[in-house]
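Welcome! Have a look at the sequence and the model below, and keep them in view as you read this briefing.

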Amino acid sequence: MAKRAKKFITPYPLVWIEWVDSCEPADNSEVEEYDIPEPQILYQVGHLIKTTDEYISVAGCYKPKCGTFDYVITIPRLSIRKMRTLTR
């Protein structure tokens, strides 16, 4: 009989975030008014690894054997429009 894999439950909830990010033109000198970009709406999914009153940090990858993270981004709470917990 085949062995069943142990179910791993991450200590970090998986979240979906809609947030607003600043934006700048690729060529950022002598910018004409019509070339000024607007802020971007972004969608982020990852493990919620840190939360404070001012910001949250989300990791795209959690390595439980190492206890480390990859692809970490910190988002100011003022930039967050919506946040949903996908799993616990």
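Let us begin with H47: leaving out residues up to four places away in sequence, H47 touches T10, Y12, P13, L14, S57, V58, A59, G60, C61 and Y62. Please remember throughout that this is a predicted model. The points below go from strand β2 to the salt bridges, then to the charged surface and the backbone angles.

**Two residues of strand β2**

- H47 is found in strand β2, and β2 covers residues 40-51.
- Is H47 buried or exposed? H47 counts as buried because its relative accessibility is 16%, and buried means under 20%.
- K50 lies in strand β2 too, but K50 counts as partly exposed, at 43% relative accessibility.
- Leaving aside neighbours within four places in sequence, K50 is in contact with Y55, I56 and S57. You can find S57 among the residues that H47 touches as well.
- Try finding K50 and T74 in the model: they are 24 residues apart in sequence, and their C-alpha atoms are 8.7 Å apart in space.

**Salt bridges**

- How many salt bridges does a search of the whole structure find? The search finds two.
- One of them joins the side chains of R81 and E18, with an N to O distance of 3.3 Å. This pair links distant parts of the chain, since R81 is in strand β5 (residues 80-87) and E18 is in strand β1, 63 residues apart.
- K63 forms a salt bridge with D70, and here the closest N and O atoms are 3.0 Å apart.
- K63 is partly exposed, with a relative accessible area of 32%. Its partner D70 also counts as partly exposed, at 23% relative accessibility.

**A closer look at E18**

- E18 has its place in strand β1, which runs over residues 14-21.
- E18 counts as buried because its relative accessibility is 7%, and the word buried is kept for values under 20%.
- Which residues does E18 touch, not counting those up to four places away in sequence? They are I41, L42, Y43, S79, I80, R81 and K82. Notice that R81, the salt-bridge partner of E18, is on this list.

**Negative charge on the surface**

- D27, E30, E32 and D35 gather in a patch of negative charge on the surface.
- Where is E32 found? E32 is in the loop between β1 and β2, and E30 lies in that loop as well.
- E32 counts as partly exposed, at 43% relative accessibility.
- E30 is exposed because its relative accessible area is 80%, and exposed means over 50%.

**Backbone angles to look for**

- Most residues other than glycine have a negative phi.
- What is the phi of E30 near? The angle is near 50°, a positive value in a residue other than glycine. So you can look up E30 for two features: its positive phi and its 80% relative accessible area, which makes it exposed.
- Y71 is not a glycine either, yet Y71 has a positive phi of about 55°.
- You can find Y71 in strand β4, which spans residues 68-76.
- Y71 counts as exposed because its relative accessibility is 66%, and exposed means over 50%.

Technical notes:
Residues are numbered from 1 along each chain as its sequence is written. This is a predicted model: local features need pLDDT of at least 70, side-chain atom pairs count only at pLDDT 80 or more; totals for chains, interfaces and linings use all residues. Side-chain values use heavy atoms; hydrogens and water are left out. Patches are made of residues with over 30% relative accessible area and no salt bridge: like charges are joined within 9 Å, nonpolar side chains (Val, Leu, Ile, Met, Phe, Trp, Tyr) within 5 Å. Accessible areas come from the Shrake-Rupley method with a 1.4 Å probe; for residues, only the protein chains shown count as cover. A salt bridge is a side-chain nitrogen of Lys or Arg within 4 Å of a carboxyl oxygen of Asp or Glu. Lys and Arg count as positive and Asp and Glu as negative; His and the chain ends are not counted. The place of a charge is taken as NZ of Lys, CZ of Arg, CG of Asp or CD of Glu. Helices (H or I, at least four residues) and strands (E, at least two) are DSSP runs, numbered from the N terminus. Buried means under 20% relative accessible area, exposed over 50%, partly exposed in between (1.4 Å probe, protein chains only). Contact means heavy atoms within 4.5 Å.
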